[in-house]
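Before reading the solutions below, please look through the sequence and the model, and try each exercise on your own.

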Amino acid sequence: ITRASLARENARGHTPISTPTKQEDVIDVNPPRGTRDFPPDEMRLRNWLFHNFREVSRLFAFEEIDFPVLESEALFVRKAGEEITQQLYNFEDKGGRRVALRPELTPSLARLVLQKGKALSFPLKWFTIGQCWRYERMTRGRRREHYQWNMDIIGVPGIEAEAELLSALVTFFKNMGITSNDVGIKISNRKVLQAVLSRHNVPDDSFAAVCVIVDKIEKLPQDEIKKELSMLGVTIEAVNGILDALSIRSLDELEDLIGPESGAVADLKQLLNLANAYGYDDWVHFDASIVRGLAYYTGTVFEGFDKEGRLRAICGGGRYDRLLATFGGPETPACGFGFGDAVILELLKEKGIIPSLRLEADYIVIALEDHLRQPASTIAARLRSTGHVVDLVLENKRLKWAFRQAERLNAKRMILVGSSEWEKGTVRVKDLSSGDECDVTLDDLVTQQNYKVS
Ligand SMILES: CC(=O)Nc1cnc2ccccc2c1
């Protein structure tokens, strides 16, 4: 690098600034209400989170699947009064079809299982990460979309499936640096509620709707709950029976209440034994108040929560043995969970365990003169072909700009292509942490041999 070339570089000055055009009306640059953009910093965080979701799914030998965000509306039409179906982001398309942006992933998974039918070898262990949508009045200012990680096991009737899914959840939390002091997983079984309702002669076909209401028990005042339940024909005795059942504290107490017929107590005991065998028993607890709000759960239900009690549920899931049958398929045992992208990030931020995700570049390559642009491109291509991350400066930039760019990219080295060096077949390599530099031939540079820049 000669003083002259540096002077020429400085003389080059800034890149030409285009004269401002007549300002058209600028479009609204914000995304639609309730939705998010993911500029680079947010996208790095999202990719880090999804990478961790994927890593656990891979560790458990689950296969990734995907399906359209747009589905037939019919997939989500349910009469149980769930918020998720009452806020369906649905519309009629130009072909007159009733369609919806999916509010959840499980119905699509069920549809795919039925579509593939006999061609599948059960049990299936499938996972997906997908964006889900809801349309609610913006008065509540809540988001209208979020991403959900789902893992599902289709075709295993035994509680071993639930134990495996809970192990995946705990593995994820541990990989994040979350401990069983931070997060717990409450487990119950909807057969508790079913037993109480049948004892009080509540008709079976209001079971799902009752579950949806009871799931709101900690969010709504009790008289509101009682009102909604009585509208379903649930007598006040039944309501009191439900409240008693939800406050049961132990499996033995549960056995006294509902007896062994339903198998719920045996399943929960077996689940806790398996939890112990997997080594995550300190993460899971029986909690009869857990119902979950989805209509199609029939048996085990579970929910991950933060022990400081400040956040909404982190994740949740359960057994849905009837869902495929309601879509016209064969009775197919199934269970799975959903894990949203919002609460977990709030928890990680609260715990201060969000990693600093940096841009990482190995090299920044800059041609110091216009006629050296081609060699600079050759150098970048050669380095990239050996897997190095290279930021090639594409315009006439001053060195000062290049050093700042190198900092932004956390580049390890800068390659300056100058005419005097290039005439000798070399380029200048500068180590950006030590400042040391040396001239290297292109071949040595690419093979990283025969030279050492600190
Ligand atoms: C905290 C958050 O964003 N929740 C959220 C956001 N969007 C959704 C969209 C569909 C279903 C559930 C949703 C839940």
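The exercises that follow concern a predicted model, and they go from its nonpolar cores to its ligand.

**Exercise 1.** Find the residues that have the most contacts inside the largest nonpolar core, and name the helix that gives the most to this core.

*Solution.* Begin with the core itself, which has 78 residues, and in which W149, F172, F173, I242, F339 and I344 have the most contacts. Next, turn to the helices, where α5, covering residues 160–175, gives the most to this core, with 9 residues. Finally, note that another core lies apart from it, with 21 residues, including I65, L120, Y296 and Y320.

**Exercise 2.** List the residues in contact with F173, leaving aside its neighbours within four places in sequence.

*Solution.* Taking contact to mean heavy atoms within 4.5 Å, and setting those neighbours aside, one finds I178, V183, W283, I314, C315, F339 and I344. Of these partners, F339 and I344 are also among the residues with the most contacts inside the largest nonpolar core.

**Exercise 3.** Describe the surroundings of the ligand, giving the residues around it and the part of its accessible area that the protein covers.

*Solution.* First, collect the shell, which consists of P103, C132, W133, R134, R143, R144, E145, H146, R312 and A342. Sorted by class, this shell has 4 nonpolar, 1 polar and 5 charged residues. Then look at single atoms: an N or O atom in the side chain of R143 is 3.2 Å from an oxygen atom of the ligand, while a polar backbone atom of E145 is 3.4 Å from a nitrogen atom of the ligand. On its own the ligand has 350 Å² of accessible area, and the protein covers 84% of that. As a last step, assign the shell to elements, where β5 (124–133) and β6 (145–154) are those that give two or more residues.

How values were computed: Residues numbered from 1 in each chain as written. Predicted model: local features only at pLDDT ≥ 70, side-chain atom pairs only at ≥ 80, totals over all residues. Heavy atoms only, no water. Core = buried A, V, L, I, M, F, W, Y, C linked by side-chain atoms within 4.5 Å. Buried < 20%, exposed > 50% of the residue type's maximum accessible area, 1.4 Å probe, protein only. Helix = DSSP H or I, 4+ residues; strand = E, 2+ residues; numbered from the N terminus. Near = heavy atom within 4 Å. Polar contact = N/O pair within 3.5 Å; in protein donor to acceptor, adjacent residues only side chain to side chain. Areas by Shrake-Rupley, 256 points an atom, 1.4 Å probe, with all protein chains shown as cover. Nonpolar A, V, L, I, M, F, W, Y, C, P; charged D, E, K, R; others polar.
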